[in-house]
Amino acid sequence: MVEHANIRVVHRGGSKINFRAPVVSHDSKFLLCASGECVKVYSTATEECIHELRGHTDLVTGVLLKPSNHLQVYSCSADGSVRLWDFADCILIKTYFVGHPISAIYASAHHDGVVFVVIHDQRTELFQLVALHLPQSGEQIVEGLELSAVLPDVSASPESIAFGRGGEYAASVKGVHLGVYFFKKSKAFSFPLKLDNKKGRKNTFTCVACHPKDDVIATGHEDGKIRLWRNFNHKKEYTYLTLHWHHNAVSSLCFTPEGSNLLSGGVESVLVQWKYGQESQRDFLPRLGATITHVTVSPDGALFCTSHADNKITIIKSCVKVSAVIQGLVKGERVATDLLVDPRSKALVLNGKPGHLQFYSIQRDKLLFNLDIVQQEHIHQLGLQQFEVVRAAFDAAGERLATVEERKQKAAELELHLKLWMFDPQTQSFVLDTSISAPHEAGITAMCFCPAAADHQTATLVSASKDGHFKVWQQTVPPTHTQDEGPSWSCDFVGSYHGLAPQCCCFSADGSLLAVGFQEVVTLWSPATWELQTTLSQPPGDIRDLCFGRLSCSKYLVGTTAKNLLCCWNLLTCSLEWSTSMDVSLLLSDPLAENMAAFCSLGGCTDLFVFKPCEPRPLFCQKAVCPGKVTRAVFSPREAMQESCDESCQWLNRSQLYFLSQHMDLMTFITKAEEKQLMASNKQLAIDDTVAMTPFQLLLGQRRRGAGDDLDQSDHPDSAVRAQLPQGSAAVKELLQTPAHVLPAATFLCSIFVQSLLISVTDSSKPKHVEEEMESEKEEEDSSDEEEMETGAVGAERPSMEASEAAEPAAPAMTRAQARELRRVKKLERGWLSSLLDP
């Protein structure tokens, strides 16, 4: 077994940000949302992720602002813990271990020291709403907490529970039952509805919200209705008012902080604002792009936030105007285009919104842009067949993009379009160059560009189809006299093999060979003449994947078969080099190295094997990287090459391997050294060395080191003073790193802080300092005297030489006193001589 202890599988961006309702800070400057195993903090102004709150070991299921401190936030997770954070400074303050998986968290300003969580009782298989009493202890990790049951049977959805006016009661909806629990009376009332209404539509509850000031409960239903409940403190006297605008289920309800408006959202992608007390008056914000899953309001009422089914958060000003959009990785039911990497931007490219391709930056964990492929309005209607992007491919330079879209209706033939796109440097996006209708008579199974083109103006694309043919599309440049027409695409060759349907195709690294798999036969073609060179024999089974070796392994061709075999052919001998029995669900090669990765399904899980075609021993293998089957993965080139000494980690030096799990989670492999580096970069305060030195930087003990640091620092006039400053002291660092709201009063710290900055001066040091200054002045005068003497000596030496030639006696040299007198005479004012010389 290959050692793999230094590599582990982690989430690498692309997590859901619409899993739970987002939270907006009191000043409306920050937005917090649960994303995988962390909490992301975004800026509502710039849409950028400022930092991530990491500490949970499982999925984060809730985020909640602490009622008594607007700078702190609670987070709960399926790992059974509640954590308290200072989200502004990214500091974990305290951890509370509950011992049960938590699916939601709530709090009330009138329940001090208590938070309410929804836990899963494994004995009864029910979800319960319990009160979690938080002790006031100085320990950072607290266990053995006291739990008090509030509601024994609730829904796991956070939208199904809300707290009423002043925290006096809690409302819960599940199925067709509305339950209200009063804390002072310790009583619970239930208000059931009929399963179906008079028109046969279901009355099932979907969400609930409570008015902040009045005893009013708003409930959303599966039939699109909203009910406002009153007098529910008397079970037999309750009433409700029915509102109806949504034509489908209401997914979320929320009152504004003052209770003047009620917000609702659903599948219509429209935010509806109901006037409280005047429900006939409504405001709408339509065309938000996707189904609304959550609606929240900032504590000051300045911002509305809507989460959408396409993993997006829309920030809306209270004037019902969209101000910002935070878009995550769009995850559909399936990824038909495979995972691709744009060679130009290094962005991850895959299916996004219906009819679009999304370009997602893995490094920034942010959507760059969406490319509209279908260029038709998508109609949200169940059962309606619409165009879908099923194939995509880039050329080696990232200048061209090929896409395939298809639509198949029950009573009509398959509609197929092949589109060729060119990158536009001005718009920094792809523009449609050529659209080919019905390129094949059946669906396209594979498509790839030839990596070796004659020049940048020409390109070759190969598409394989179920109709039994593969076609070669050539971009041709018109003659000079018709240059205005521009390049165009045309079919240059049509290939087939004994009427068999091709399943896969790929080019060699230098573009000299094309391999096409026709069911059980592998054919090799020459792109220069498009002649069939040879066929390769293999054990029985249809060919599913083909990959050429690279660099030192370029003479090998590796493929997988439907009979659970992994085969390697030697192209020099045209024979089978080796084969092994493996149920490979996906095979791909590293574009920058000889490595290949094979994902194998076994026992409901997926194993990974990394190998070179020329070596029988795998470089790396790891069991059960994820449950289910992995069908989409890609090697992404690194911006800078990693230097790893461990043999089992060297396959990650040039490229990083990403794959999509069964639940559409983007996963990757990371080494321990890289993980420590990332953790260190998150914890340390990064200071740019190009910034000029400041007193604040001196307090932190940071010194900019340049070429001048090699010199003797004692020559600097301020070196004696700087040496005595408390640079990098533990007290100063602790003072600067501790959040301001947990420090003692400034009056208490001021005197201590100022005294630590003072420079101690003793009586004995003062005359010494004065004596040093006098000595330095004396040395300066002596040095200047010596310079004058040397000047005078040189000046006297020259006339003496001239005098010797003229046989005259030499002039005597000046003494030190004479040189000093000469300098004094030079400094005298001689302006009065000019008045005597004037006539």
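## Strands β51 to β53

In this predicted model, strands β51 and β52 are connected by a hairpin that passes through six residues. The two strands, of which β51 covers residues 584–589, run antiparallel and are joined by five bridges, and within this pairing S589 stands opposite M596 of β52. Strand β52 itself spans residues 596–602 and is mostly covered, since six of its seven residues are buried.

On to the next strand, β52 is joined by seven bridges to β53 (residues 605–611), and these two strands also run antiparallel. A597 has V610 in β53 as its bridge partner. The hairpin of β52 and β53 has two residues between the strands, and in this hairpin G603 takes a positive phi near 65 degrees.

## The nonpolar cores

The largest nonpolar core comprises 21 residues, and those with the most contacts inside it are L588, F599, L608, W651, L657, F659 and F669. Two or more residues are contributed by each of several strands, namely β1 (7–11), β51, β52, β53, β54 (620–627), β55 (633–637), β56 (655–660) and β57 (666–671). Among these, β54 provides the largest share, which amounts to three residues.

W651 illustrates how this core is put together: when its neighbours within four places in sequence are left aside, W651 is in contact with I7, D590, N595, L608, V610, F620, F635, L657 and F669. Another core, of 17 residues, lies apart from the largest one and includes L64, I105, L132 and L134.

## Aromatic pairs and a cluster

A search of the whole structure finds 35 aromatic pairs. In one of them, the ring centres of F163 and F183 are 6.1 Å apart and the planes stand at 10 degrees, so this pair is stacked. F163 belongs to strand β15 (residues 161–163), whereas F183 lies in the loop between β17 (177–182) and β18 (187–192), so the pair ties together parts that are 20 residues apart in sequence. F163 has a relative accessible area of 15% and is therefore buried, given that the cut-off for this class is under 20%.

A second stacked pair is formed by F359 and F369, with 4.4 Å from centre to centre and 15 degrees between the planes. Because F359 lies in strand β33 (residues 356–361) and F369 in strand β34 (residues 366–372), this pair ties together parts that are 10 residues apart in sequence. The two partners are not covered alike: F359 counts as buried, at 0% relative accessibility, whereas F369, at 24%, counts as partly exposed. Elsewhere, F470, F493, Y497, F518, W525 and W530 form one aromatic cluster.

## Charges over rings

Two charged side chains are placed over phenylalanine rings. R20 lies over the face of F19, at 4.2 Å from the ring centre, while the charged end of K185 sits over the ring of F182, 5.6 Å from its centre.

## The buried lysine K312

K312 is found in strand β29, which spans residues 312–317, and this lysine is buried, with a relative accessible area of 9%. A polar atom of the K312 side chain lies 2.7 Å from the backbone oxygen of L288. Apart from neighbours within four places in sequence, the residues in contact with K312 are L288, G289, T306, S307, V325, I326 and Q327, so that L288 appears both in this list and as the residue whose backbone oxygen faces the polar atom of the lysine side chain at 2.7 Å.

Key
Residues numbered from 1 in each chain as written. Predicted model: local features only at pLDDT ≥ 70, side-chain atom pairs only at ≥ 80, totals over all residues. Heavy atoms only, no water. Buried < 20%, exposed > 50% of the residue type's maximum accessible area, 1.4 Å probe, protein only. Helix = DSSP H or I, 4+ residues; strand = E, 2+ residues; numbered from the N terminus. Pairing = 2+ DSSP bridges. Core = buried A, V, L, I, M, F, W, Y, C linked by side-chain atoms within 4.5 Å. Contact = heavy atoms within 4.5 Å. Phe/Tyr/Trp six-rings, centres within 6.5 Å; stacked < 30°, edge-to-face > 60°. Lys NZ or Arg CZ within 6 Å of the ring centre and 35° of its normal. Polar contact = N/O pair within 3.5 Å; in protein donor to acceptor, adjacent residues only side chain to side chain.
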